[in-house]
Amino acid sequence: MRVAAFASGSSGNVTLISTPEGALLYDAGLPQRAILAQCVALGVTMDQLHGIVVSHEHTDHITSAVALAKRYNIPLVATAGTLQALHVPDTVATMVCCAGRALQLGPFTLLPVRVSHDAREPVGMSIRAAGSSVTIATDLGDWDDALLEACSDADLVVIESNHEREHLMQCGYSASLKQRIASRTGHLDNVQAGNFLAALAADGKTRTAWLAHLSQEANTAAVALRSVTAVLRYHQREALYRSIIALPRQKTIVWGEAQRSVQLNLWAE
Ligand SMILES: [Zn+2]
Ligand SMILES: [Zn+2]
């Protein structure tokens, strides 16, 4: 299984997961042209997609979801609440997923997990195929045991590491926006992400971690990596992560062969 993040953060989120037997998109928060170009660059055509999974209805996750599903006749996969919020036209095929219930989509076994976020029915997801497994959880204000469980067999964990608490408090956002982001239904900060990864590593399994959905105003890749690594070091769990990468806003990072992450130069400058 190959996992490719095209973009991550409040200006767009798209991940392509592919195997020789087919592919799926997880969120489609970029213009169609950008998504198509990245897929083609990775050798994946739209007719190989078994579905477009939508985590929740916020704009940075859905920009092209309905349009791509309609244009290429690809089913949209989301919770009932998310599908309702998306106002999907009748001409688009949909598959309803539900937290805690596994769903088969081509070669992929999907297991959605409820997350705490201010959307209708948001989920994260464990995706398994071809003997490996990735769990993606972005846009959540808190984590719980269900999310740890959803990551238990993940080789790659994509976890939100949105902001550094102190930077958020000092940035130019309004008081109400800061409060929303820092709330239990907002976004995970770096220390929360670090604590999550430390708790996950208690099982002794070695994994790769991608830090996702970094805030443009209240985080940087260097700050996120420093904070998360410091928490892991404190809990003596740093060695259990093969590598930890902070996802760039718009650059393609690919995980796959030999469980290594590489950055590909697929975006035109
Ligand atoms: Zn988002
Ligand atoms: Zn959101």
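This is a chat about the metal site, the cysteines and an aromatic pair in a predicted model.

Biologist: Hi! Let's start with the metal. Which residues coordinate the zinc ion (ligand 1)?

Modeller: Happy to help. In this predicted model, the zinc ion (ligand 1) is held by D60 through OD, H61 through NE2, D139 through OD and H213 through NE2. The distances run from 2.0 to 2.2 Å.

Biologist: And how are those donors spaced along the chain?

Modeller: The spacing for the zinc ion (ligand 1) reads D-H-x77-D-x73-H. As for where two of them sit, H61 is in helix α2 (residues 59–62), while D139 is in the loop between β10 and α5, so the pair ties together parts that are 78 residues apart in sequence.

Biologist: Are H61 and D139 buried or exposed?

Modeller: Both H61 and D139 are buried.

Biologist: What about the geometry of the zinc ion (ligand 1) site, and why is it not tetrahedral?

Modeller: The site is irregular, with angles of 92 to 162° among the four donor atoms. Four donors count as tetrahedral if all angles lie between 85 and 135 degrees, and the range here goes up to 162°. For reference, the ideal angle for four tetrahedral donors is 109.5 degrees.

Biologist: Which residue bridges the zinc ion (ligand 1) and the zinc ion (ligand 2)?

Modeller: That's D139, and the two zinc ions lie 3.6 Å apart.

Biologist: Changing topic: how many disulfides are there?

Modeller: The structure holds zero disulfides. Take C39: the nearest cysteine sulfur belongs to C97 and is 20 Å away. C39 is also buried, with a relative accessible area of 0%.

Biologist: Then what is the closest cysteine sulfur to C97?

Modeller: It is the one in C98, at 7.6 Å from the sulfur of C97, which is too far for a bond. A disulfide needs the sulfur atoms within 2.5 Å. C97 counts as buried too, at 3% relative accessibility.

Biologist: Good to know. Last topic, aromatics: how many pairs does the structure hold?

Modeller: There is one aromatic pair. W143 and F196 meet edge-to-face, 5.3 Å centre to centre with 75° between the planes.

Biologist: Where do W143 and F196 lie?

Modeller: W143 is in the loop between β10 (132–137) and α5 (145–150), and F196 is in helix α8 (residues 190–200), so this pair ties together parts that are 53 residues apart in sequence.

Biologist: And what is the relative accessibility of each, W143 and F196?

Modeller: W143 is partly exposed at 24% relative accessibility, whereas F196 is buried at 0%.

How values were computed: Residues are numbered from 1 along each chain as its sequence is written. Chains are lettered from A and ligands numbered from 1 in the order in which they are written. This is a predicted model: local features need pLDDT of at least 70, side-chain atom pairs count only at pLDDT 80 or more; totals for chains, interfaces and linings use all residues. Side-chain values use heavy atoms; hydrogens and water are left out. Rings of Phe, Tyr and Trp (its six-membered ring) pair if their centres lie within 6.5 Å; planes under 30 degrees apart count as stacked, over 60 as edge-to-face and the rest as tilted. Helices (H or I, at least four residues) and strands (E, at least two) are DSSP runs, numbered from the N terminus. Buried means under 20% relative accessible area, exposed over 50%, partly exposed in between (1.4 Å probe, protein chains only). Donors are N, O and S atoms within 2.8 Å of the metal (3.2 Å for Na, K and Ca); water is not among the atoms, so sites may look incomplete. Four donors count as tetrahedral if all angles lie between 85 and 135 degrees; four count as square planar and six as octahedral if opposite donors are over 155 degrees apart and all others between 65 and 115; anything else is irregular.
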